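Work through the exercises below with the model open. Try each task before reading its solution.

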Amino acid sequence: MDILLTKKWASMLMVSLLLVLGGCEGDDGDDGAAGAAGAAGAAGADGADGADGADGGNSAVNVAVDVITTQANDLRGVTYSTVGANANKIYVSGHVGITDATRQVVVGRLFADGTPDPSFATDGFLELTVTAASGDSDDETSLGITELPGGDLMVIAQGLTDAVNPEISVYLLRIAPDGTQVAGWGDADGKVEVVFGTANADNATFPGFATGARPEDKAWDIRTDPSATGDRVVIFGIGSAGDGTRTDQDRYIARYDISATGATADASFNGGATYAFAGGAGLRDNARRGMVAADGSIVSAGYTDPGDGNEWVVLIKLTAAGALDPDFGGFSGSADIGAATPGIAVFNPYFDDGGFAESYAVGMQSTGSIVTVGYGGATATTATGSSLGYEVTVRQDVVAFRVVAGASAEEDLSFGNGGELAIQSEGKGFPTAEDRGRHMVVLPDDRILIAGRFGGNAAAFVLTDMGVPDTRVFGDGVIELPNATVTSQFFGIALSPDGTRVVLTSNSNDNGARVVVVKASS
């Protein structure tokens with residue numbers, strides 16, 4: 001499968017628009033007689049399209065769908081179905097409503113063309129109230145959704161436990177394929193609490209509770225465990241420290257067994273406890289997306305600020321038993337975050353130039369190496385230059401890195417620009433110089449597709465398997481997808497089961513949520 005695009009476009013695509021972009025096809029125009037096949041990848045004259053297949057092995061790509069739904073204002077959770085009659089449909093989760101008082105979690109199912117499937121919750125979208133209390137920006141939101149082997153859905157959501165003593169907690173919701181909550185599952189409201197640092201029942205023991213301090217939790221991702229014989233999910237998130245002393249933010253990885261009536265912490269994972277990471281006492285640790293490999297091993301994306309305002313990537317890899325993987329990472333460039341520890345990789349190649357690096361998502365290539373993407377700064381904004389050859393950072397830059405399979409002494413220096421890649425729009429005349437990587441998938445040929453923003457506009461980025469921009473895609477590897485109605489960046493991404501389609505979804509916007517499907521075929 002190749003993604004090969006030959007022409008920039010900026011106007012809003014509608015459902016009916018099908019833009020075919022191929023290695024040997026010219027720009028769209030009046031159809032002329034079929035031209036003779038040219039050399040691999042060579043563009044023909046406008047309108048004189050050559051016969052399909054004579055493109056030197058490059059694949060065609062259809063940017064097939066670009067739709068806006070007003071049934072949601074945020075759809076950061078997205079996955080493809082693989083089960084039964086719903087296989088290859090798209091599941092999404094997020095929220096609808098633009099105020100704390102009106103916001104609700106939404107779960108939806110879409111056809112391949114991005115339109116709602118009316119066989120799910122009567123109109124394609126199910127609205128849910130997680131808890132009765134309201135009044136927090138993270139209340140009644142969802143960032144992740146996954147499908148169980150039997151076809152039911154598990155959704156992570158945040159809910160405010162008490163309006164008087166406000167505290168955000170994480171909950172699991174179980175949804176049937178018909179778009180209804182599974183009867184008899186969870187508590188009376190159909191939810192199960194996911195415990196990170198402090199359980200709701202123990203909130204009064206949280207340090208400073210009597211004077212107003214409250215634990216705050218947030219789940220960033222949920223993945224089905226493909227190695228389990230039953231229903232099991234892994235949840236990635238952040239929350240207040242649970243050691244009874246600190247109140248700073250830690251990272252958490254929880255594994256839960258799903259039964260017919262509820263969910264419980266998996267006793268075979270980390271001694272039955274949620275795995276917690278604290279990168280130095282008092283430091284603020286951030287988790288983002290994660291992945292679960294076929295063997296049950298787990299990789300968590302995230303980052304930590306060692307106290308100087310410049311974040312460092314912190315990747316964590318656990319075995320299927322929930323222990324740090326001795327064959328991963330084992331290096332640290334920041335003693336403030338922690339000493340070199342097998343199972344953990346800590347790095348920031350931009351540190352010498354005053355820059356930072358945040359890890360938002362991870363993926364595994366066929367070699368077993370781990371790729372991570374996010375955003376950062378190739379330099380400080382006050383820098384006079386870059387030792388790595390970049391422009392001085394004005395706003396955030398897209399960043400990408402790789403850690404090879406097995407123990408290593410540093411990030412993979414053969415990847416990208418000598419161990420790192422920064423993508424910048426500085427000086428190119430875009431609305432802003434803001435570039436962000438929010439999520440990623442690894443394509444079947446080991447290339448990397450990143451969802452995010454470029455020059456202030458929604459965009460996707462295609463990298464080769466070695467981490468440099470795939471110049472067959474618009475010459476710079478960037479697919480620009482601005483939209484005048486929903487200006488939000490892409491925040492969710494999923495790869496279809498057959499590896500031929502990628503769906504991109506947007507984050508919060510008052511005008512609705514956006515779904516874009518890129519279809520690639522060999």
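Three exercises follow, on one arginine, one cavity and two backbone angles.

This is a predicted model, in which local features need pLDDT of at least 70, side-chain atom pairs count only at pLDDT 80 or more, and totals for chains, interfaces and linings use all residues. Residues are numbered from 1 along each chain as its sequence is written, and side-chain values use heavy atoms, without hydrogens or water.

**Exercise 1.** Decide whether R109 is buried or exposed, and find the backbone oxygen that lies 2.5 Å from its side chain.

*Solution.* Start with the place: R109 sits in strand β5 (residues 104-110). Strands are DSSP runs of E, at least two residues long, numbered from the N terminus. Next, accessibility: R109 is buried because its relative accessibility is 2%. Buried means under 20% relative accessible area, exposed over 50%, partly exposed in between, with a 1.4 Å probe and protein chains only. Last, the partner: a polar side-chain atom of R109 lies 2.5 Å from the backbone oxygen of P177.

**Exercise 2.** Which strand gives the largest share of the lining of the largest cavity?

*Solution.* List the lining: A254, R255, Y256, A265, D266, F269, G272, A273 and T274. Then assign strands: β13 (residues 249-258) supplies three residues, the largest share.

**Exercise 3.** Where do N270 and D446 lie, and what is phi of N270 and of D446?

*Solution.* N270 is in the loop between β14 (263-265) and β15 (275-277). Its phi is near 50°. D446 is in the loop between β27 (436-442) and β28 (448-454). Phi of D446 is near 75°. Now check accessibility: N270 is partly exposed because it has 28%, while D446 is buried because it has 12%.

Technical notes: Helices (H or I, at least four residues) and strands (E, at least two) are DSSP runs, numbered from the N terminus. A polar contact is a pair of N or O atoms within 3.5 Å; within protein, one must be able to donate a hydrogen and the other to accept it, and residues adjacent in sequence count only if both atoms are side-chain atoms. On a 1 Å grid over the protein atoms alone, a cavity is a set of points where a 1.4 Å probe fits but cannot get out, and a pocket is an open set with protein on both sides within 12 Å along at least five of seven lines; lining residues have an atom within 4 Å of a point.
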